[in-house]
Amino acid sequence: MRATPIAIGVARLFNSDIMNKKIQSALISVFYKDGLEPLVKLLSELGVTVYSTGGTQSFIEKLGIKVIPVENLTSYPSILGGRVKTLHPSVFGGILGKRDDATHVQEMKQYNIPEIDLVIVDLYPFEETVVSTTDEKKIIEKIDIGGPSMIRGAAKNHNDVVVIANKKDYSLLENILREQKGETSLEQRRMFAIKAFDVCTAYDTAISNYFHQLSITTPFNKEEKILRYGENPHQQATFFGDLDKLFEQLNGKELSYNNLVDVDAAVQLISEFSVSGAGSLLVPPRRDREGAVFAIIKHTNVCGIASRPIVADAWKDALAGDPESAFGGVLICNGTIDKATAVAINEIFFEVLIAPKYNDDALTVLKSKKNRILLQLKSEAGNQKSEMYRSLLNGVLIQSIDEGNYAEWKEAGGRETTAAEKEDLKFANLIGKHLKSNAIALVKNKQLVGKGCGQTSRIDSLRQAIEKAKQFGFDLHGAVMASDAFFPFNDCVKMGHEAGITAFIHPGGSIRDNDSIEYCKANNLAMVITGMRHFKH
């Protein structure tokens, strides 16, 4: 009767002639020597021939145990500052040669390659070096080459070879060899092989993570610019990048850390809109086309923005949205700054003005303040980011930028949006995208008339937005509301309705979306669900 595969496996497991292998030779080359002494002494008692190199060879010789230098096998000394010691056919042939393959056995005999039955090798302390120094040369020298190669080779050939890649396994192997009189089973060799592959995987992952993090730390590989200070005067700061590729600075002092942060927020916002009256586009019209758009940024949040047929009117209505917060802000426009606009802007104090073009007479007015920073956007400015980086804990977060306005346009309220409401809702949703969460934007006739941001509850952001609108005399009847995330309850819709708001836009996704939808249906209010959240933390 023919034997089943299980029966064959059981027979092999208990057939020591097939499964058990006696260790007669060992290659030992380790960085960590602690715990090695008892194992080496046992190998000597068992009559095992030991090959070694470098510091490990010296360690074993001091124990009074005979060692054959690896150089005797390779006929080459350790070269290139220790980078090449064991990378030789006489070493790897002894590890990888299959004992039951006649061709392998014949070739090993032909080239005087000894069989190596045990490989005890650990790896250079790469992770420990990364923790202890930032010297890249020292770190790179701790990338082991020969060690992982010998470990993988021995693990691959575990049918014949035992591999120990971690000092924690020294005592385990010692116990096995004592109990089994210098022999190991196939299952034991496979167990050590699995451990060895795990060691190599973790090591390669650590190296890969280091180089990824290195590329993130200085993602632009450009000239570094030391700033006057960081977010606060006691903090140091450096900028890596090429600002000249984005702007031409026409006037003013050097950009500070806080200036740069607000300028970035301003450019990301204005990149949502195509250029008006500049002869070319600042960026491709990725979303809805607008006329002249003027925005005011304070601490990365939009505090005023409006879209109008001409730049001067866009400025006037952007400022009207929150004239108090505009003080000391960063201003940005997608059109040409003419003299009339420059004269109006010149009446307030601001840090930075950014535009794709300035008329000469406008520059004459604006340059009256020597420290006032004037930046002329270049065509590439809006297309610089595809990823965002944030350092935190002991690493770096990377994410793609928040592209788009809405994924869908689902009319879910008590009626369809009017044409005017639809335009205001699209405009408001883009503004909400550029406010800190929780974010609420109130818009009427393409003008931000109230906003709430950075609050720990959405209803608090709405209260803030309504109070802002009242403070500056805006009538919210007929206004629209955008929320960067879903309404968890119907309280925001109800409060907005009581203030005069007639249309709402949000991404949806709450288990209680229907509460807000039903309120809109009961009160003949428009509601659009977009399917795209715009959190900003």
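**Exercise 1. Decide whether S483 is buried or exposed, and find what surrounds it.**

Start with the accessibility: S483 sits at 1%, so this residue counts as buried (buried means under 20% relative accessible area, exposed over 50%, partly exposed in between, with a 1.4 Å probe and protein chains only). Bear in mind that this is a predicted model, where local features need pLDDT of at least 70, side-chain atom pairs count only at pLDDT 80 or more, and totals for chains, interfaces and linings use all residues. Residues are numbered from 1 along each chain as its sequence is written, and side-chain values use heavy atoms, with hydrogens and water left out.

Next, place the residue: S483 belongs to strand β23, residues 480-483 (strands are DSSP runs of E, at least two residues, and helices are runs of H or I, at least four, numbered from the N terminus).

Now list the neighbours. Skipping those within four places in sequence, S483 is in contact with N429, A439, I440, R458, I505, H506 and P507 (contact means heavy atoms within 4.5 Å). With R458 there's a side-chain to side-chain polar contact at 2.9 Å.

**Exercise 2. Track down the largest nonpolar core and look around I305.**

Begin with the core: it has 43 residues, and F247, V263, I305, I354 and I431 have the most contacts inside it. Helix α13 (residues 257-270) gives the most to this core, seven residues.

Then zoom in on I305: not counting residues up to four places away in sequence, I305 touches, among others, L269, F273, F427 and I431.

Note on methods
A nonpolar core is a set of buried Ala, Val, Leu, Ile, Met, Phe, Trp, Tyr and Cys residues joined through side-chain atoms within 4.5 Å. A polar contact is a pair of N or O atoms within 3.5 Å; within protein, one must be able to donate a hydrogen and the other to accept it, and residues adjacent in sequence count only if both atoms are side-chain atoms.
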